[in-house]
Amino acid sequence: MPEPTRAKIRDLVASDRVVLFMKGTRRSPQCGFSASVIELLDGWIDDYETVDVLADPEIREGVKVFSDWPTIPQLYVDGEFVGGADILRELEGSGELGETLGAAEPEPPQVTITEAAAAQFKAALAGSDIDERDILRLTIDARFHNDLSVGPSQPGDIEVESAGVRLAFDRRSARRARGLRIDFIDAADGAGFKIDNPNAPPEVKELSVTELASRLEQAKTDGAPLHLYDVRTEHERATAMIEGSTLLDADVAEAITELPRDTPLYFHCHHGHRSLRAGQHFIAQGFVEVYNVTGGIDAWSQQVDDKVPRY
């Protein structure tokens, strides 16, 4: 291995107390093994560094030599190689992973259940087919999808109580539930539970073409840039374009990564599908305010500026 590559890997290993070499990013793993290790680590710790080996072939091959381990992912703790996915699963199964990571068992999260939600839960728990020992359970997976159910307590459960309702979590879900609020909404278009979780990662927001037009005008008035990116091809852009947009190519994508992560980003394409994927990519890069223009330039032609050709 070239010495510059070895030195780079050595610096990466030392960049944080816990460092994971993986395929993809923490928010967007690109293989099942990397995703499974992220799931394990997220169950124990909040802060750790990840290195996307897909972004650097030299690192991808070099770290295998550096650790004398043939596969990815690879975990380092305090500068020492711990192992890959199989070893980490073994440590989790034996109860040693938390100690290896230097992590403590998570404390019960602060959870708010509104009176409206509590009334619904109590009615459900009082049902004739419910065992009196059963408890309300909430599972929150790695993508922050919620699964509410009723069932018996499980070993290792972390329980909280709010509005007279006991709620159980497994350890990973408890770490993802801090500050959670559960409400029950009874609206004209339907009733159901509403779960607000401040820990959930940001999502791409849909933006109408009329709202985009308003924001572009406001940006002109303010003299501030509005970062609107066109993810179509050069040929499509030659046919029709939205004034003030920038074609998203490799150089522009690289420049975007240099922006502060709270910079609002706007993406459009022909109908809104490719731009949604582009927005999701930059969400995975850590940007927190990302918009997809609903309906794309086709909707812009119909609702904002009919001088822009449709195709």
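In what order do the four strands of the open sheet containing β7, β6, β9 and β8 stand, and is the pairing parallel, antiparallel or mixed? Select these strands in the predicted model: the order is β7-β6-β9-β8, and the pairing is mixed.

**Stop 1: the four-stranded sheet**

Begin at the margins of this sheet. Its edge strands are β7 (146-151) and β8 (158-162), each of which pairs on one side only. Averaged over the sheet and with direction ignored, neighbouring strands are turned by 30° against each other.

Next, display β6 (residues 135-140) together with β7. Six bridges join β6 and β7 in the antiparallel sense. To locate the register, select Ile-140, which stands opposite Asn-146 in β7.

Now add helix α6 (residues 115-125). Helix α6 lies across β6, β7 and β9 (165-169), and runs at about 85° to β9.

**Stop 2: the five-stranded sheet**

Proceed to the other open sheet, in which five strands follow the order β12-β16-β15-β13-β14 with parallel pairing. The edges are occupied by β12 (205-207) and β14; each has a single partner strand, so one side of each is left without a neighbour in the sheet.

Select β13 (residues 227-230) and β15 (residues 265-268), which pair in the parallel sense over four bridges. Here His-227 has Leu-265 of β15 as its bridge partner. From β15, continue to β16 (residues 290-293): three bridges join these parallel strands, and Phe-267 has Asn-292 of β16 as its bridge partner.

Return to β13 and select β14 (residues 246-247). The two strands pair in the parallel sense over two bridges, and Asp-230 is matched with Leu-247 in β14. To follow the connection, trace the chain from β13 through helix α9 (residues 234-239) to β14; this β-α-β crossover is right-handed.

**Stop 3: helix α8, from sheet to helix**

Keep the five-stranded sheet visible and add α8. This helix lies across β12, β13, β15 and β16, running at about 80° to β12.

Then select α8 (residues 209-222) with α12 (residues 296-303). Their axes come within 9 Å and cross at roughly 80°. Angles of 65 to 115 degrees count as roughly perpendicular, and α8 and α12 are therefore described as roughly perpendicular to each other. On the α8 side, display Val-209, Thr-210, Leu-212, Ala-213 and Leu-216; they meet Gly-296, Ala-299, Trp-300 and Gln-303 in α12. Coloured by residue class, this contact divides into six nonpolar, three polar and no charged residues.

**Stop 4: helices α1 and α3**

For another helix pair, select α1 (residues 3-13) and α3 (residues 57-67), which pack at an angle of about 80° with axes 10 Å apart. They are therefore roughly perpendicular to each other. The contact involves Thr-5, Arg-6, Lys-8, Ile-9, Arg-10, Leu-12 and Val-13 of α1, and Glu-58, Ile-59, Gly-62, Val-63 and Phe-66 of α3. By class, the residues of this contact comprise six nonpolar, two polar and four charged.

**Stop 5: Glu-92**

Finally, centre the view on Glu-92, found in helix α4 (residues 85-94). Which residues does Glu-92 touch, not counting those up to four places away in sequence? Under that condition, they are Leu-40, Trp-44, Leu-97, Arg-171 and Arg-172. Display the side chains of Glu-92 and Arg-171 to view the polar contact between them, at 2.7 Å.

Technical notes
Residues are numbered from 1 along each chain as its sequence is written. This is a predicted model: local features need pLDDT of at least 70, side-chain atom pairs count only at pLDDT 80 or more; totals for chains, interfaces and linings use all residues. Side-chain values use heavy atoms; hydrogens and water are left out. Axes are lines fitted to C-alpha atoms, for helices over the stretch in contact, and angles run from 0 to 180 degrees between N-to-C directions. Angles under 35 degrees count as roughly parallel, over 145 as roughly antiparallel, 65 to 115 as roughly perpendicular and the rest as oblique. Contact means heavy atoms within 4.5 Å. Ala, Val, Leu, Ile, Met, Phe, Trp, Tyr, Cys and Pro count as nonpolar, Asp, Glu, Lys and Arg as charged, and the others, Gly among them, as polar. Two strands pair if DSSP finds at least two bridges between them. A crossover is right-handed if, with the strands pointing away from the viewer, the path from the first strand over the helix to the second runs clockwise. A polar contact is a pair of N or O atoms within 3.5 Å; within protein, one must be able to donate a hydrogen and the other to accept it, and residues adjacent in sequence count only if both atoms are side-chain atoms.
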